[in-house]
Amino acid sequence: MIDLQPIFQAVRQAAELCRVVQEMHLAGGEKTGHEPVTVADYGAQALLCRAISRHFPGDAVLAEEQGGQFVELVSDSEKAQITRLLSDMLGQRVTEADIVRWLDHGYGYEAERLWVIDPIDGTRGFLALRNYAIAIGLMVNGKPVGAVIGAPGYPTPDRGGALFHAQSGVAYMQPLAGGALKRIHASERTEPASLRVLESVEKSHASHERMERVRQAAGLAESALERLDSMEKYARIAAGDAELYLRLPRLFSKRPHMVWDHVAGAALVQAAGGLATDVDGSALDFSQGRTLANNRGIIVSNGRIHARVLEGVAKVLADEARS
Ligand code: AMP
Ligand code: MG
């Protein structure tokens, strides 16, 4: 077991930085600019990678953003803003060189442990003040074995969001602001009318039409459907707050899934007793570098309804192959 407390703290700092950026740029109604995403993305990743560099210095890291892009693509005013936010957050003078060093920490290392980081998953949700997640997955020997996921919009009673983590096959949630840990388990529901199904809000991220056909084919027409941004969908399944998350790409989509969008979620769901597989029920293949190059879609469930959903998917795929 490794002590994840430093990672919890970094996720809390990243969530606070994101909240500040939302307040500065978005709360007033300006919801289209890309600048808030840039500032929050690099700022959050810098905090997460900094924690890994200090507490797990020999470990490898694969993260969405890169120091070179920060140097070349981020405007001077954005760089200044990120530097100021991080200095305030950490109570120390942070330089651009620090940020570049943190962003690239662990990149390309050969190590047993690989941390896989998505500093803001669900940027559309972040911009629209809906849901987003701060996600760190842990892979050992190419398998997702650990996760820390901050979900500021998770519907907790105190409305403060939730922090999820998993390690050694056990999953927990706690208030994002800190508090008692609660062990979580995937739901036991199987009755179609009682099931809660999740899918992306964004039509370009997954085909709403194909997923509708799968729900019909699997006999889940009467199940509740909710559209939700980000890896929070995985967390809902792990916490027993939903039973199925479908992610089928649009037909002929050329865009692959990226590893940092799925490692933490898959580890969390599996530790909670659920399943996250490819469309044929095989394990998600995280061995292909930055993308899930061989993937044809992602099926996440409480486990109990998985076989039924796979049958529905198989029917839809067979229909598609005929037409
Ligand atoms: P969600 O909020 O679940 O719809 O997904 C957010 C994630 O979808 C982001 O991490 C993006 O990297 C990813 N994404 C963006 N465009 C696509 C696409 N065309 N196909 C699959 N995933 C995408
Ligand atoms: Mg993402």
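**Exercise 1.** How far is an oxygen atom of ligand 1 from an N or O atom in the side chain of His-205? Set this contact beside those of Ser-230 and Lys-233.

*Solution.* The model is a predicted one.
1. For the His-205 side chain, the distance from its N or O atom to a ligand oxygen is 2.7 Å.
2. Ser-230 takes part through its backbone: a polar backbone atom lies 2.7 Å from an oxygen of ligand 1.
3. With Lys-233, the side chain again supplies the N or O atom, at 2.5 Å from a ligand oxygen.
4. Each of these values falls within the 3.5 Å cut-off for a polar contact.

**Exercise 2.** How much of the accessible area of ligand 1 does the protein cover, and where does the ligand sit?

*Solution.*
1. On its own, ligand 1 has 500 Å² of accessible area.
2. The protein covers 87% of that area.
3. The site of ligand 1 is the largest pocket.

**Exercise 3.** Determine how the shell around ligand 1 divides into nonpolar, polar and charged residues.

*Solution.*
1. List the shell: Asp-121, Ser-200, Ser-204, His-205, Asp-229, Ser-230, Lys-233, Arg-247, Arg-255 and Asp-261.
2. Sort its members by class: 6 are charged, 4 are polar and none is nonpolar.

**Exercise 4.** Which helix has the highest mean pLDDT among the elements of the chain, and which has the lowest?

*Solution.*
1. Begin with the chain, whose average pLDDT is 96, with 98% of the residues scoring at least 70.
2. Helix H8 (residues 232–238) has the highest mean, 99, whereas helix H6 (residues 123–127) has the lowest, 95.

Key
Residues are numbered from 1 along each chain as its sequence is written. Chains are lettered from A and ligands numbered from 1 in the order in which they are written. This is a predicted model: local features need pLDDT of at least 70, side-chain atom pairs count only at pLDDT 80 or more; totals for chains, interfaces and linings use all residues. Side-chain values use heavy atoms; hydrogens and water are left out. A residue is near a molecule or strand if one of its heavy atoms lies within 4 Å of it. A polar contact is a pair of N or O atoms within 3.5 Å; within protein, one must be able to donate a hydrogen and the other to accept it, and residues adjacent in sequence count only if both atoms are side-chain atoms. Accessible areas come from the Shrake-Rupley method with a 1.4 Å probe; for residues, only the protein chains shown count as cover. On a 1 Å grid over the protein atoms alone, a cavity is a set of points where a 1.4 Å probe fits but cannot get out, and a pocket is an open set with protein on both sides within 12 Å along at least five of seven lines; lining residues have an atom within 4 Å of a point. A molecule sits in a cavity or pocket if more than half of its atoms lie within 2 Å of its grid points. Ala, Val, Leu, Ile, Met, Phe, Trp, Tyr, Cys and Pro count as nonpolar, Asp, Glu, Lys and Arg as charged, and the others, Gly among them, as polar. pLDDT is the predictor's confidence in each residue, from 0 to 100. Helices (H or I, at least four residues) and strands (E, at least two) are DSSP runs, numbered from the N terminus.
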